Amino acid sequence: MRRIAIVQLCNTIDKEANFAVCQRLLREAVAKGARLVCFPENVDYMSEMGASPCGSGGVPHSEPLQGPSAHTVPRFQNLARELGVWVSLGGVHEWVDAQRVRNSHVIIGSTGD
């Protein structure tokens, strides 16, 4: 039987703390047999109360999905590869330019691609 895990969490503006929780939950789901782990929207961070994560308030915390200044997605790619699991990132704040952020859904295969 193949299992899918749906993860719910309460993220903050602290991206490192959020990733630590995601990593722990991902490892727990895989230990229980999950082959696909689905995370919710705002998996990387949740803007402070009243700030729009996709407006100018979210720009300083956003990042590209790939490339030298990308951190969030590559970390999940490494975990997916290490654990041999598919990962769905329901919403990552993707940096577009100095004034815009895009909410992107990212699917990572079990080989990290």
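Which residues is Glu63 in contact with, leaving aside its neighbours within four places in sequence? The views below, drawn from a predicted model, take up this question and others.

**View 1. Surroundings of Glu63 in the loop between S2 and H2.** Glu63 counts as buried, because its relative accessibility is 8% and the cut-off for buried is under 20%. Beyond its neighbours within four places in sequence, Glu63 contacts Lys15, Ser69, Ala70, His71, Thr72, Val73, His93, Glu94 and Trp95. Lys15 belongs to helix H1 (15-31). Thr72 and Val73 fall in helix H2 (72-83). His93, Glu94 and Trp95 lie in strand S3 (86-97).

**View 2. The largest nonpolar core of the protein chain.** This core holds 24 residues. Leu26, Val37, Phe39, Phe76, Val87, Leu89 and Ile108 touch the most other members. Two or more residues come from each of helix H1 (15-31), strand S2 (34-39), helix H2 (72-83), strand S3 (86-97) and strand S4 (100-108). H1 gives the largest share, six residues. In soluble globular proteins, nonpolar side chains tend to be buried together.

**View 3. Contacts of Val87, a member of the core.** Residues up to four places away in sequence are not counted here. Val87 touches Leu26, Leu36, Val37, Phe39, Phe76, Ala80, Val106, Ile107 and Ile108. Among these partners, Leu26, Val37, Phe39, Phe76 and Ile108 are also listed with Val87 as touching the most other core members.

**View 4. Val92 in strand S3.** Val92 is buried, because its relative accessible area is 1%, against a cut-off of under 20%. Not counting residues up to four places away in sequence, Val92 touches Val43, Asp44, Leu65, Val73, Arg102, Asn103, Ser104 and Val106. Val73 is a contact of Glu63 and of Val92. Val106 is touched by Val87 and by Val92. Ala34 lies 58 residues from Val92 along the chain, and their C-alpha atoms are separated by 22 Å.

**View 5. The whole protein chain, for orientation.** Two helices and four strands make up the secondary structure. Their order from the N terminus is β-α-β-α-β-β. The C-alpha trace spans about 45 × 30 × 20 Å along its principal axes. The radius of gyration is 14 Å, which agrees with the value near 13 Å for a compact globule of 113 residues. Of these 113 residues, 43% count as buried. Among contacts between residues at least 6 apart in sequence, 69% join residues at least 24 apart. The accessible surface comes to about 6400 Å², and 55% of it belongs to carbon and sulfur atoms. The mean positions of the 11 positive and 11 negative charges are 10 Å apart.

Note on methods:
Residues are numbered from 1 along each chain as its sequence is written. This is a predicted model: local features need pLDDT of at least 70, side-chain atom pairs count only at pLDDT 80 or more; totals for chains, interfaces and linings use all residues. Side-chain values use heavy atoms; hydrogens and water are left out. The radius of gyration is taken over C-alpha atoms; the globule rule is 2.2 Å times the number of residues to the power 0.38. Buried means under 20% relative accessible area, exposed over 50%, partly exposed in between (1.4 Å probe, protein chains only). Contact means heavy atoms within 4.5 Å. Accessible areas come from the Shrake-Rupley method with a 1.4 Å probe; for residues, only the protein chains shown count as cover. Lys and Arg count as positive and Asp and Glu as negative; His and the chain ends are not counted. The place of a charge is taken as NZ of Lys, CZ of Arg, CG of Asp or CD of Glu. A nonpolar core is a set of buried Ala, Val, Leu, Ile, Met, Phe, Trp, Tyr and Cys residues joined through side-chain atoms within 4.5 Å.
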